[in-house]
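Thanks for coming. I will go through one model today, mostly side-chain packing, and then take questions.

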Amino acid sequence: MAIILPTDLPAARRLRAEGVDVLAPSEDKAVGSALRIAVLNLMPNKPDTETQICRVLAETAYRVTPRFFVPDSYRSKTTPADHIDAFYARWSQIRDCEFDGLIVTGAPVETLLFEDVTYWRELCAIFDWARTRIGESFYICWAAQAALQFFHGVPKHELPEKMFGVFPHRLVRPDAPLLRGLEEGFPIPVSRHTAVREDDLPGGRGIEVLAASAESGLGLVRDRHNRAVYMFNHLEYDADTLSREYFRDLREGRPVPLPRHYFPDDDPARCPAQSWRGSARILFRNWLDEVWHHRAGRKNGHQAMDWLFCGPGPVPVGASLTDMRLEVEEPLTAVPAVLRSLASAGHAPTALKTAKYGTADGTVTLRVDGVGGPAAEALLRHVFDTVPGARRATFRDSQGFGGLVVASAAARSGTGLPAARATNSAA
């Protein structure tokens, strides 16, 4: 498709030279339909990373507008200040803006304790902003470790030697939408001194391992509760990125192993091939599919109050009934929990239907006879509190009594039980 970038951004010039369709904001006639992706770029060579991220976003079926930003307190030691001033926003300048997705790159701070990173507190605020304001987030390398620490308290572990090279990854969940089109053993560049262990991942919080390597460990993890993807490695890298890292470390006298499965015949004098380019294109396409579906779902979500006030339709005179609509993570999976919850309260639905508006999220709508008014609200609270993954619910009875129940921030993040709040209104 196309990517929308400032005309004088170095990445725009480089991508145009590669034949990528790059539009200036003034050239784009459908900017409202573009996916707006906030990109927190913490890598030392910002122009290179800008090009890499923009390239994989441009090689999809979507029109994308990236917005690069950094924390307010962030100061780069390797990228000129005038580049950041010209092409980057500070987080405080964009935190009230609407974005469909967020990408956070790696950073050269992985051997530090998280709390010792100078911008750690701001980064935590950005993570919290992402799970409450952003549709889908994609965290890369150290950022993936940092986000897992923030959301779930997962530690990182220092490795005895830098994990370095291009490693084949197996599909742990080949049925996952994010892996659609990827082949078993797909390669990913790896460059890190620390690792997250699978045994440290908490259960029962919507975390799924999607891809892993027998040599380099976890590769890709999905966090459903926080709408986050954790990529511990670097599919966005150029063909020569690992080579440049290797020779840089040699020049600076750092201990560095020869990157495995990278140079032809392990000969650093030979140019490596970019065997992962197709995999990068597929994964980012799949991720943008989820971003797009979530945006469509959010638009549908704005109809919740319209549904509440439209009324239950014609009902017999004197009848007492209540319609309920729950917004849940997996509609079909939620149905048994809804039925059990109603049965425990002595009720059964006279009608029930599900709708799915993304790769997972959707609604369960049901009608219960013989209950209305405050009793209907109490029943909805009971159902809401006992259905895993419930985010929001609306109810309305045949007499015009209705309301809205939402999950607390802790419940949305998977760290606590839902705390219901209702707003009643008469139609």
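**Packing in the model**

I will start with a charge over a ring: the charged end of K162 sits 4.1 Å from the centre of the F164 ring, over its face. A second case is K156, with its charged end over the ring of F114 at 5.0 Å from the centre. Keep in mind throughout that this is a predicted model.

Now the core. The largest nonpolar core contains 100 residues. Those with the most contacts inside it are F69, I103, W129, Y139, W142 and Y230. Take F69: beyond its neighbours within four places in sequence, its contacts include Y88, W91, I94, L102, I126 and W129. There is also a second, separate core of 22 residues, with V328, A337, V338 and A390 among them.

Two of the residues just named in contact with F69, I126 and W129, are also among the buried residues of helix 5. That helix covers residues 120-133, and for its 14 residues the expected span at 1.5 Å a residue is 20 Å; the end C-alpha atoms are 19 Å apart, which agrees. Its buried residues are not just nonpolar ones, since the list includes E122 and R131 as well as L123 and F127. What covers them? Strand 3, strand 4, helix 4, strand 6, strand 7 and helix 6 are included in the cover.

Next, aromatic pairs. The count comes to 19. In one of them, Y62 and W292 have ring centres 5.6 Å apart and planes at 35°, so the pair is tilted. Y62 is in the loop between helix 2 and strand 4, and W292 is in helix 8, so this pair ties together parts 230 residues apart in sequence. Y62 counts as buried at 14% relative accessibility, while W292, at 34%, counts as partly exposed.

Y139 and Y230 make a stacked pair, 5.9 Å centre to centre with 25° between the planes. Y139 belongs to strand 7 and Y230 to strand 12, so the pair joins parts 91 residues apart in sequence. Y139 is buried at 0% relative accessible area, and Y230 is buried at 0% too. Ring pairs link both of them into a cluster with F127, F150 and F151.

Last, backbone. Most residues other than glycine have a negative phi. R227 has a positive phi of about 50°, and D265 has one of about 55°. Is each buried or exposed? R227, in the loop between strand 11 and strand 12, is buried at 17%. D265, in the loop between helix 7 and helix 8, is exposed at 68%.

Notes. Residues numbered from 1 in each chain as written. Predicted model: local features only at pLDDT ≥ 70, side-chain atom pairs only at ≥ 80, totals over all residues. Heavy atoms only, no water. Core = buried A, V, L, I, M, F, W, Y, C linked by side-chain atoms within 4.5 Å. Buried < 20%, exposed > 50% of the residue type's maximum accessible area, 1.4 Å probe, protein only. Contact = heavy atoms within 4.5 Å. Helix = DSSP H or I, 4+ residues; strand = E, 2+ residues; numbered from the N terminus. Expected span 1.5 Å × (residues − 1). Phe/Tyr/Trp six-rings, centres within 6.5 Å; stacked < 30°, edge-to-face > 60°. Lys NZ or Arg CZ within 6 Å of the ring centre and 35° of its normal.
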